[in-house]
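I set out to record which side-chain pairs can be found in this structure and where they lie. The entries below are kept in the order in which I looked things up.

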Amino acid sequence: MKKTVIKRASALVMCALLTAGTCVYANAKSEEKHENSPYILSTVDTYNAGTQNKGGMDVSDIAEAAMPSVVSITTKTIEEVQDYYGQYSFFGFGSYGSQPREVDGAGSGFIIGQNDTELMCVTNYHVVKGAEQVTVTFNDGTTYEAATRGYDSAKDIAVVSIPLEDIDESTLNAIKIATLGDSDKLRIGEQVVAIGNALGYGQSVTTGIVSALNRVMDDNMISNSDNVEDKNLTKLIQTDAAINPGNSGGALLNMDGEVIGINSAKTADTNVEGMCYAIAISDVTDLIENLATKEYKGASANSGNAALGIQGLTVDDKTSEAYGIPKGVMINSVNEGSGAEEAGLVKGMVITGIDGTSVSSIEELKDKLSSYAPDDVVTLTVESMTDGGYTESEIEVTLMESTAVQEEANTPVFNYGTKDY
């Protein structure tokens, strides 16, 4: 795929907001109930109040109608930081130690549905990545603790949930589910509105136009993508509506008040203005629904004790490029008598997804398996080597109980440790 990359001097900034002490870092038709699921996903215009023409509302109308759907998200993450006194002792012989530090983060999200027990919001994965605590603040100012229900790191999408029983009735009456639009119908030059928790100050509104369509982010660089072959690449809408740190995960809306993008990133450079990006909503609607509708196991008594019965190793971006292997987890060996063996997994296969969400590393596979229990059945997306390269397929595996001893595997080609999963 031919790539036209933005200026080398430019940096792509993921628009979550992290704070530690006084320092600030920029990181990163009608409501429809789906069959066999109590989950509500609103995909129809409920804001128009009878106006069906594009541009039927002005920005103030859209802001007033959409703000009850937009939330502010704050996080607390524990990071290991360089020990200043270890590095600079009085005699210059300090050791390079580290110590944990709590880092506050800020981002945005919007309400995308509910079931019988939970209210769910979508945001960027980079907003909640590694968070020890996630809280959601609604438009009426009330704040509630939330849990990360599921995520897809490759698409930079996460769904967080709040128990309905925790939310005051007055708050439930003040908020509403966002209306999802069709980003495939967007035209360059169309006006859009961005709403989010800019700089962590609370909801604010910016406006602009659609500057370009079908951008993709690959290895943290923005490229043109008229013919995108890699479905794991995230399709982006480029806009000159201001998207700043804290806006990540917020809503980009068309002039009918429909969410057509998830605010995510901007290009930061002294020579660049107005190059901001949002994930195209139509590219991730199915993923969001999958994350929101699948059974949420949370921290059940048996969760975290399940394994596939394989030993694997991470195939990262550099390894994938060097050897032509799909990114994911390559199976190094399969345990005898395991669910993986019974399902037909063999050495050399690459696991790229689990239950509809992508897997890019051993750590991510382990994290996603932690919400399952022994005897649960998962659907793996795997790439198998063929004469013409790799062929994708889906394989169902019954999970086994994980063993206490984690064996290390030999990795003659890759310098990565591998463990049982």
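These entries cover aromatic rings, salt bridges and one polar contact, in that order.

**Entry 1: aromatic pairs**

I noted at the outset that the model is predicted. I then asked how many aromatic pairs a search of the whole structure finds. The search returned 2 aromatic pairs.

I took up the rings of Tyr125 and Tyr151, whose centres are 4.5 Å apart and whose planes stand at 15 degrees. Planes under 30 degrees apart count as stacked, so I entered this pair as stacked. I next looked up where the two residues sit: Tyr125 belongs to helix H3 (residues 125-128), and Tyr151 belongs to strand E10 (residues 143-152). The pair therefore ties together parts that are 26 residues apart in sequence.

Are these two residues buried or exposed? I found Tyr125 buried, with a relative accessible area of 15%. Tyr151 is also buried, at 10% relative accessibility. Both values fall under the 20% limit for a buried residue.

I then turned to the rings of Phe138 and Tyr144, with centres 5.9 Å apart and planes at 55 degrees. That angle makes the pair tilted. I recorded both Phe138 and Tyr144 as buried.

**Entry 2: a lysine over a ring**

I returned to Tyr151 and asked which residue lies over its face. The residue is Lys368, at 4.8 Å from the ring centre.

I followed Lys368 further and found that its side chain meets that of Glu364 in a salt bridge, at 3.2 Å from N to O. Both residues are in helix H8 (residues 362-369), and because they are 4 residues apart, about one helical turn separates them. I checked the accessibility of each residue. Lys368 is buried at a relative accessible area of 9%, and Glu364 is buried at 7%. Lys368 thus appears twice in my notes, over the face of Tyr151 and in a salt bridge with Glu364.

**Entry 3: other salt bridges**

I recalled that side chains of opposite charge can pair when their charged atoms come close. My search of the whole structure gave 5 salt bridges, and I looked up further examples.

One of them joins Asp104 and Lys76, with the closest N and O atoms 2.9 Å apart. Asp104 lies in strand E7 (residues 98-114) and Lys76 in strand E6 (residues 70-82), so this bridge ties together parts that are 28 residues apart in sequence. I found Asp104 partly exposed, at 31%, and Lys76 partly exposed, at 29%.

Another joins the side chains of Lys155 and Asp283, at 3.2 Å from N to O. I placed Lys155 in the loop between E10 and strand E11 (157-163), and Asp283 in helix H5 (residues 281-293). This pair ties together parts that are 128 residues apart in sequence. Here the two partners fall into separate classes: Lys155 counts as buried, at 10% relative accessibility, whereas Asp283 counts as partly exposed, at 25%.

**Entry 4: a polar contact**

I finally looked up Ser264, which lies in strand E17 (residues 259-268). Which side chain does the side chain of Ser264 join in a polar contact? The partner is Asn124, and the contact is 3.1 Å. I entered Ser264 as buried, with a relative accessible area of 2%.

Definitions and conventions. Residues numbered from 1 in each chain as written. Predicted model: local features only at pLDDT ≥ 70, side-chain atom pairs only at ≥ 80, totals over all residues. Heavy atoms only, no water. Buried < 20%, exposed > 50% of the residue type's maximum accessible area, 1.4 Å probe, protein only. Polar contact = N/O pair within 3.5 Å; in protein donor to acceptor, adjacent residues only side chain to side chain. Phe/Tyr/Trp six-rings, centres within 6.5 Å; stacked < 30°, edge-to-face > 60°. Lys NZ or Arg CZ within 6 Å of the ring centre and 35° of its normal. Salt bridge = Lys/Arg side-chain N within 4 Å of Asp/Glu carboxyl O.
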